[in-house]
Structures are given as structure tokens and as C-alpha cells.
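Thanks for coming. I will take one structure piece by piece, so please keep the display open while I talk.

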Amino acid sequence: MTRPDAAIADRQLPPGVADGNATMPGLLRHRARTMPGQMALREKKRGIWQGTTWLGYFEKVRAFALFLQAQGFAEGDKLVIASDGTPEWFVADLAAQSLGGVTVGIYPTNPWPELQYITRHCKARIAVCGDQEQTDKVLTAMQREGGLPDMVRVLTVDWKGMRQYDDACLMSFDDAVAQGFEFARSADNAQFFEASVDGLKAGQDALIVYTSGTTGMPKGARISHRGIVSDAASLGGVQELAGKPLSVVCYLPLCHVAERLMSPVMQLVYGSVVYFAESIDTVTQNLREIGPSFFFGVPRIWEKLQYEILIKSRDARSSAQWTFKKALAIATPIAERTIANGGNPASTKDAFIAWLLRVTVFNNLLASIGLDRTWIAMTGGASISPSVILFFRALGVPIYQIYGMTESSGASHSQSKKMSRLGWCGPLLPGVVEQRVLPDGELQLRGRIVFNGYLYDEAATTAAFTDGWLSTGDVVELDEATGQVQIIDRKKAILITSGGKNITPSLIENTLKESIYISEAVLLGDGRNFISALIQIDLDTVGKWAQERGMAYTTYETLAKLDAVKQLIAQDVARVNERFSRVENIRKFVILKKQLDHDDGELTATMKVRRSVIEKKFADEINEIYGSGKDPAALPASGSAPQQKETA
């Protein structure tokens with residue numbers, strides 16, 4: 001297929017953005033007036049990418065807002081959305097905001113009890129569901145354990161399988177929009193909508209994002225128009241988006257602040273085109289069809305893309321394998337020199353060789369995953385191995401790390417072309433946030449991107465601030481000369497061994513996950529006399545490795561039990577141990593018999609490990625490590641790793 005051209009990002013920010021007075025519905029109206037016929041959204045239907053213009057987008061938002069108003073939805077009311085990313089998600093989001101309401105996203109993977117907790121806690125009156133599965137969860141939540149007392153209407157986008165549903169609160173989303181278009185025929189209703197948008201304040205709540213809840217029930221972080229719009233504007237300025245091609249693929253859950261920032265909000269500020277992936281499983285295929293100019297991926301996505309490229313190269317004929325390995329060996333040191341030289345080639349020779357390798361070797365591989373037209377990429381949400389970033393930089397795709405949290409509207413720091421030191425997150429976003437680092441290393445923030453507090457939780461809001469500064473809970477290293485920060489770990493996650501040694505688990509865990517065979521690692525050792533790890537193998541890569549060697553297995557569990565697999569992981573653990581001091585060495589590990597799962601409570605909806613849950617659920621495995629009383633160095637090789645020798 002012929003790939004569509006990307007939109008060109010605005011050279012100047014829309015009115016009100018720079019001074020922090022813009023609202024998201026106001027920005028949508030501005031674009032509908034100034035670029036009505038230009039494409040805003042694209043969605044694949046029946047195999048064909050179909051588009052919605054900025055004017056069409058605005059008119060749907062107005063129609064749905066008028067429908068909501070007829071349902072009694074008013075300023076301060078909450079609307080929940082339980083759906084994958086779709087144009088209807090965008091429409092419902094901005095329609096609720098247009099009336100002064102607030103949108104609350106719910107992960108499509110959340111079971112009904114979690115959906116019920118969030119929906120009941122925020123007192124949502126309207127729910128928008130993507131399909132039958134999400135609708136069933138809302139209906140179950142309404143019927144069980146106290147129900148949803150504030151809920152008055154449930155709207156479903158995809159009505160497939162629901163023909164026999166007769167609940168009085170149910171309605172098709174399309175029917176609701178159609179009613180709204182009828183309401184919009186009235187001049188009085190149209191004037192009401194305009195007045196409602198005009199009356200919005202940049203400082204009022206626009207969205208509520210419920211935090212991951214790694215240590216308890218999730219809290220609703222109240223984010224303002226000013227906060228997230230200013231965040232997008234500053235981030236785009238750092239990345240020099242103005243005047244450049246800008247097309248984006250929306251594929252991560254929109255209830256996560258990062259996707260919300262990168263897709264709908266960045267679009268409103270810079271005028272990009274947003275494409276909606278058909279599903280998380282079709283992302284690579286959709287990327288190939290679209291060829292986006294900008295791509296944001298959480299670390300796990302980049303790791304998967306790297307693996308896909310490596311597998312393609314390994315499956316190629318022997319001459320192509322040799323060519324790729326040779327090209328990568330040449331390109332990697334060039335990439336290192338480029339990063340050290342502020343993002344510019346260190347010499348004309350480096351520039352020419354990098355271009356030549358990109359054109360002759362890497363372009364086809366990048367095209368196979370849809371990144372051959374990507375001129376800028378970002379990552380965030382968790383730590384990423386520097387080796388992954390260096391790999392893509394060598395191929396010609398620079399990935400810039402951002403750092404932030406839900407409570408800072410998504411991003412507070414960002415790397416850029418000039419500042420992309422491996423393992424660091426760049427300096428503060430200019431003009432929207434300040435920072436200070438406490439004596440214990442904790443980073444604190446304040447500025448217009450900082451949230452308005454936690455919904456209905458004054459105690460938690462008060463605890464989040466110290467003298468007006470937001471406590472991030474992250475321990476960092478600050479480069480005083482450049483202002484760049486490196487995230488060391490969560491303050492609460494740092495392990496203290498029985499010998500009094502402070503261990504940063506994420507650094508070692510991320511080094512373990514540099515292996516294509518390790519999907520997840522949880523370091524143990526707090527209050528104990530040595531460090532150990534629970535390791536989840538990667539089913540795809542380890543499975544392929546086993547098949548190539550004629551090893552039989554049927555499930556993840558049977559694969560994890562193979563002695564050869566334990567030896568494989570032991571080799572990776574040994575390589576990691578060589579990079580750390582003896583006290584930081586992993587002296588024993590256990591391969592988990594099951595994959596960690598959000599549904600089982602072991603991961604948050606954003607795939608972060610719930611350490612407290614892990615230690616309870618895998619108590620037997622932990623006892624296997626620490627309960628015998630034996631010196632782990634004397635244990636069988638299948639569960640132990642060679643240690644680094646003591647050095648003077």
C-alpha cells in the first residue's frame with residue numbers, strides 16, 4: 001500500500017498555550033476553525049484506513065457533549081471510559097471536558113472489581129465502553145457489592161454480540177452521537193456549547209488518572225488543562241517538532257498519562273495526525289502500513305522490536321547475517337561517538353558511513369517493523385537498558401528517554417538531540433517545572449505541570465508535598481553542569497542487606513533484562529545476607545532457543561523446568577555478576593514457574609511489579625533460596641551463578 005504523508009507540525013503554538021491559558025476543547029475548536037479540512041484522525045475499517053478531519057472531529061465532540069448535557073452531565077461530573085484507543089475515546093474525552101466535566105480512563109485489562117472501585121470512587125455518572133467485554137464488566141459492577149450508585153448511562157461503541165441486551169441504562173455510542181447532532185441543529189444549543197468552551201479555566205481538572213497502586217489501592221491524580229497542555233508544548237519544543245512531519249500511532253492504553261500526553265494532547269498542541277492501531281497485537285503490522293514519523297514506546301515495546309529485528313537477521317541467509325553483524329559492529333561505535341558529540345556525527349567520515357549503512361543495510365530491517373520513516377522516538381514509563389537505545393541509534397533511529405510521573409502530567413525531564421547521555425533522562429523541561437534534590441537523593445518538583453492533588457483524598461495530597469514541592473519518591477543523581485538526571489531507583493525499593501549495604505535493585509534488574517531470554521527479574525535481599533533473584537524467562541525467545549536444539553516443551557511451566565534453560569539463564573546471570581561488585585552479585589536465582597500477570601495481582605495495569613505481592617505469592621520460591629541455610633555457592637549449578645572474584 002502507499003503510505004500516507006504525515007502532517008506538518010505547527011511552527012507557532014496556538015493561542016494561549018505558551019502562557020498556560022489554553023484548554024483542550026478550546027484547542028480543538030481552534031483547529032476546526034483554522035484547518036477544518038486537514039486530516040486529524042485515521043482508523044482502519046474493513047481493511048481500509050479511513051479519516052476524520054479536524055472539523056469532523058470537532059462536530060462529533062460537540063454532538064456528544066450536547067447529548068451528555070441532555071443526560072444531566074454538568075461541570076465537575078465524571079465520565080469513565082473503558083476501551084482500547086479509538087476515535088470515540090478522543091471524542092468522549094473532549095466532549096466531557098467541553099462541559100467542564102472530567103474524564104477517567106480505565107484499563108481494558110482491569111477486572112470488574114478494579115473497574116468498580118475506580119468508577120465508584122470517582123462517582124462517575126456516565127460510562128463509555130469499547131465493546132461487549134467492557135460493557136459486561138460495567139454491568140457486573142453495577143449489580144454486585146454495592147453497585148455503582150452514581151451511574152445513570154452506559155454507552156457502547158461496538159455493539160457486536162449485544163443485540164439481546166435490554167438493560168435500561170444501555171445505549172449505542174453512535175445513537176448518542178446521532179441524537180447530539182440533532183440537538184446541534186438548534187442555535188441555542190450551539191451557543192450553549194460555545195459558551196461552555198469559552199467558560200473553561202485552564203487550571204481546572206481535565207482528567208483523572210488513577211495511579212498504578214503498587215503499594216495499595218490506586219489514587220486518582222487530578223490533572224489540569226494547563227498542566228498537560230504545557231507539558232506537551234514544552235516537550236515538543238525540546239524535541240524541535242515545529243515545522244516537521246508528525247504522524248503518531250496510538251496503541252497504548254489512553255488511561256495511562258503517557259499515551260494521553262503523546263497522542264491526543266500533543267496532537268492538539270502541534271497538529272499531528274493520529275492513527276489508531278487495530279490492537280496491541282497488530283502494532284507492528286500497522287506500523288509497517290503507516291510509517292509514522294514519531295513513535296513512543298515503553299521499554300518492553302522497544303525490547304520486542306529489537307528482538308524482532310534480531311530474529312529476522314538470524315533467519316536470513318548466511319551472507320545477509322554476516323552483513324548485518326558487520327554493519328552493526330561498525331555502526332555501534334559511530335552511534336556512541338555521535339551521542340558523546342551532542343547528537344552530531346563526530347566526523348564527516350562517521351556521517352557518511354552511518355548514512356551508507358542505513359541506506360544499504362538497515363533501512364529494509366527498519367521498514368519491516370515500520371520505523372524507516374521515524375525521525376524521532378521516545379521511551380518512558382520504566383527504565384530501559386542503554387544497550388537497547390544504542391542498538392536503535394546504530395540503526396539510525398534515535399530514542400530519547402523521558403522521565404515523569406502521573407502527578408507531573410506525564411513528563412518533567414527529557415533527553416534531546418544535544419543531551420542524550422546513555423542511562424540518563426535529560427534535563428528539566430524548560431518553563432514549566434523546577435526541581436530540587438534532597439540530601440538523601442530524592443527528587444522533588446514544582447511548577448505548572450504538577451497535579452491538583454488526589455481526588456477525595458486530602459491526606460494523601462498533603463503527604464505528597466513538602467513545602468509546596470512534589471515528592472517523586474525517586475532517588476536520582478544530578479549532573480550539576482548540565483541539569484540532567486539519572487534515576488537510581490524508587491526510594492522505597494532500595495534493598496539494605498543484613499551487612500548494611502544499600503543495593504539498587506532496578507539497576508541490576510534492568511541489566512538482567514538486557515538478555516533477550518529474560519522478560520522480568522525481581523531482586524531479593526532486603527535484610528538478608530546475600531542478593532538473589534526471581535526470574536521470568538521470555539517465552540518467545542527461550543522457546544525458539546529450545547526448539548532449535550530439539551528440546552520438547554508444551555507450556556511456559558514445562559519450558560521453565562528444563563535443566564538446559566536453567567543453565568542458559570545461569571550464563572546470563574554470570575555475565576551480569578561480572579559487571580557489579582561482589583556484594584551486589586546474584587548468588588542464587590529461581591526461574592518462576594508461571595508468568596507474572598496483572599489478573600493475578602502480581603503486576604499493575606502498567607506492567608510494574610508489585611513487590612509486596614510477589615514476596616507473598618512466591619514465598620515457597622523465596623524459601624527455596626534462603627530457607628535451607630546452605631551456602632548458595634554450594635547449591636546445584638541450575639540455580640546458582642558464578643560469583644565475581646573479590647578485588648582489592
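In helix α16, the buried residues are Pro505, Ser506, Ile508, Glu509, Asn510, Thr511 and Leu512. Buried means under 20% relative accessible area, exposed means over 50%, and partly exposed is in between, using a 1.4 Å probe and protein chains only. That makes α16 mostly covered, with seven of its eight residues buried. Helices here are DSSP runs of H or I with at least four residues, strands are runs of E with at least two, and both are numbered from the N terminus.

Before going on, two remarks on the source. This is a predicted model, in which local features need pLDDT of at least 70, side-chain atom pairs count only at pLDDT 80 or more, and totals for chains, interfaces and linings use all residues. Residues are numbered from 1 along each chain as its sequence is written, and side-chain values use heavy atoms, with hydrogens and water left out.

Take one residue of that helix. Asn510 is in α16, and it counts as buried because its relative accessibility is 16%. What is Asn510 in contact with, leaving aside its neighbours within four places in sequence? The answer is Ser383 and Ser385, where contact means heavy atoms within 4.5 Å.

Now the sheet. Three strands make an open sheet with mixed pairing, in the order β24-β25-β26. Its edge strands are β24, residues 518-524, and β26, residues 586-591, each pairing on one side only. On average, neighbouring strands of this sheet are turned by 25 degrees against each other, direction ignored. Helix α16, residues 505-512, packs on the sheet and touches β24 and β26, and its direction makes about 150 degrees with that of β24. Axes are lines fitted to C-alpha atoms, for helices over the stretch in contact, and angles run from 0 to 180 degrees between N-to-C directions.

A second helix, α19, residues 563-577, lies across β24, β25 and β26 and runs at about 145 degrees to β26. Within the sheet, β24 and β25 (residues 531-537) run antiparallel and are joined by six bridges. Two strands count as paired if DSSP finds at least two bridges between them. Ala521 has Ile535 in β25 as its bridge partner.

Next, salt bridges. A salt bridge is a side-chain nitrogen of Lys or Arg within 4 Å of a carboxyl oxygen of Asp or Glu. How many does a search of the whole structure find? It finds 33.

I will show three pairs. Lys44 forms a salt bridge with Glu278, with the closest N and O atoms 3.6 Å apart. This pair links distant parts of the chain, 234 residues apart: Lys44 is in strand β2 (residues 39-45), and Glu278 is in the loop between β12 (273-276) and α10 (283-290). Lys44 is buried at 15% relative accessible area, whereas Glu278 is partly exposed at 42%.

Asp350 and Arg337 meet through their side chains at 2.8 Å, N to O. Asp350 is in helix α13 and Arg337 in helix α12 (residues 318-340), 13 residues apart. Asp350 counts as buried at 6% relative accessibility, and Arg337 as partly exposed at 37%.

In the third pair, the closest N and O atoms of Glu434 and Arg446 are 3.3 Å apart. Glu434 lies in strand β17 (residues 434-437) and Arg446 in strand β18 (residues 442-446), so the salt bridge ties together parts twelve residues apart in sequence.

Finally, Arg300, Glu303, Lys304, Asp538 and Asp540 are linked in a network of salt bridges.
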